[in-house]
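Visitor: I am new to this structure and would like a close look at a single part of it. Please take one helix and go through it step by step.

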Amino acid sequence: QYFPQGQMNLARFYELQGETDRAIEAYELTLERDPYFNPARMNLAYLYNERGRNARAEELLRTVVEQEPEFGQAYYSLALLLAEMDRLNEALNYFEQAAELLPEQHRILYNLAVAYQTLSRFEESEQAYLRVIEAVPDDPDYRYGLITLYMQHRQSERALEHAERLDQLVPNNPQIRQLIESIRRENL
């Protein structure tokens, strides 16, 4: 298998067969033959992450970002990896870049909102939640995230407004009804 694409196909075959070690070897060989073949580098990073070799996965993803600065998925993958490694402050920049490069992938913006929320950056978190809700108003996860943010910051009226909208989106859900009652009790 001289051509990198053929070597990558072999790596994918091994991966699908559950032969991770052989897949890793084949991906590494692909990159030896073509150091700019980033689809192989992305797949290899995922395999190393699955194996808990996150330093190597990070190195691979950083190389993709350097080589292809417009490839949003690389930024997103690196952000998720850094967040998994409890390096959320560092991950923020990559979430932001990914959200800018891939505006149609709303989950990125949601993860950015959660990252800001986790770091107690209320305004940025609220703005990210509102942007994703504006883009996808019928997704209950996004609205629930915003409700949680408002409740954490004791903004019951805003939380209640979004909880009632959530109740319209997902009618007859007892957990949402309990959430609304809980917010109302807190507001008394």
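Guide: What follows is a walk along helix α4 and then to its surroundings. The model is a predicted one.

Helix α4 covers residues 54-67, which makes 14 residues. At 1.5 Å a residue, a helix of this kind should span 20 Å, and the C-alpha atoms at the ends of α4 are 20 Å apart, so the expected and computed values agree.

Next comes the question of which residues are hidden. N54, A57, E58, L60, L61, V64 and V65 are the buried residues of α4. Viewed down the helix axis, they fall within an arc of 165°, so they line one face of α4. The face turned away from this buried side carries A55 and E66, which are exposed. As background, an α-helix has 3.6 residues a turn, so residues three or four places apart point the same way.

The cover over the buried residues of α4 comes from several helices, including α2 (20-33), α3 (38-50), α5 (72-84) and α6 (88-101). One residue of α5 is G72. With a relative accessibility of 3%, G72 counts as buried, because the cut-off for buried is under 20%. G72 touches A98, L101 and L102, leaving aside residues up to four places away in sequence.

Helix α4 also takes part in a salt bridge: R56 pairs with E28, with their closest N and O atoms 3.1 Å apart. R56 lies in α4 and E28 in α2, so the pair ties together parts that are 28 residues apart in sequence. The structure as a whole holds 17 salt bridges.

Key:
Residues are numbered from 1 along each chain as its sequence is written. This is a predicted model: local features need pLDDT of at least 70, side-chain atom pairs count only at pLDDT 80 or more; totals for chains, interfaces and linings use all residues. Side-chain values use heavy atoms; hydrogens and water are left out. Helices (H or I, at least four residues) and strands (E, at least two) are DSSP runs, numbered from the N terminus. The expected span of a helix is 1.5 Å times one less than its number of residues. Buried means under 20% relative accessible area, exposed over 50%, partly exposed in between (1.4 Å probe, protein chains only). The arc is that of the directions from the helix axis to the C-beta atoms. Contact means heavy atoms within 4.5 Å. A salt bridge is a side-chain nitrogen of Lys or Arg within 4 Å of a carboxyl oxygen of Asp or Glu.
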